[in-house]
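Trainee: Could you take me through one part of this model in detail? I'd like to hear about the disulfide.

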Amino acid sequence: MFSFQVIREWSWGYGEYSIGQEEAIGFAGSHERLPAPLEYLKGVRLRSDNRSGEVFMYIFRRLDGFKRSTWYRAYFTIRVATNAPIGCGSLEGAPGESVTLKAGATTGQPIMRVRDRRVISDFDKGNHASSGAESVVLGNIAGTQIDCAGPRSYEIKTLGSASGVPVQTDAEGRLWLYIGTDSAFFGVTDIYILEGSIEFAPQ
């Protein structure tokens, strides 16, 4: 079980866009207190304006202490705070249903790299609402509010999957975790990751 009331050892980043779009996307990652009515909570806030139609925002960290060069399956349950409405789709996608929360595990650090003037993931996270070899779809970030115009308050949503993600530890018994949003919505996503649990089963 982990919580972002106090943060340690997690980093954040983003990718899946063309070089030169950074200012328009305006990515921001921070650890901060939530707005009312959830001001008693803290979390990792990830925000961006998805000008590329594919922006992936994520947090990641390393875990140690596993058996060396051993396969596990990781199962995730993640709790977030979202202000995305439900049922507000348009030609630009939906702020809730078109933004997918994913979690994954990798042997090496899940980084972004530049290829053909695009910043892309160097790990298999899948695309939009599809899982990848190193990720699992947990669900979308739509809440229960139906006010498409806003403003909307944040509400807590818990997402998980029974599928799990296979991962092999390295020669030192280490692996990496990541949690992120894969967006097909051409607009702003502003979400807080609050806490979660991860179970590892030897394969």
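Mentor: Here's a close look at the disulfide, and then a short word on a sheet. First, the ground rules: this is a predicted model, where local features need pLDDT of at least 70, side-chain atom pairs count only at pLDDT 80 or more, and totals for chains, interfaces and linings use all residues. Residues are numbered from 1 along each chain as its sequence is written, and side-chain values use heavy atoms, with hydrogens and water left out.

Searching the whole structure turns up one disulfide, meaning a pair of cysteine sulfur atoms within 2.5 Å. The partners are C88 and C148, with 1.9 Å from S to S. The link is left-handed, at -85° about the S-S bond. C88 sits in the loop between β7 (71–82) and β8 (99–106), while C148 sits in the loop between β11 and β12 (155–160), so the pair ties together parts 60 residues apart in sequence. (Strands here are DSSP runs of E, at least two residues, numbered from the N terminus.)

The two ends are C88, buried at a relative accessible area of 10%, and C148, partly exposed at 45%. Buried means under 20%, exposed over 50% and partly exposed in between, using a 1.4 Å probe and protein chains only.

Now for the strands. β8 and β11 belong to an open, antiparallel sheet of five strands, ordered β2-β6-β14-β8-β11; two strands pair if DSSP finds at least two bridges between them. β11 (135–140) is an edge strand, pairing on one side only, as is β2 (11–15).

Terms used:
Helices (H or I, at least four residues) and strands (E, at least two) are DSSP runs, numbered from the N terminus.
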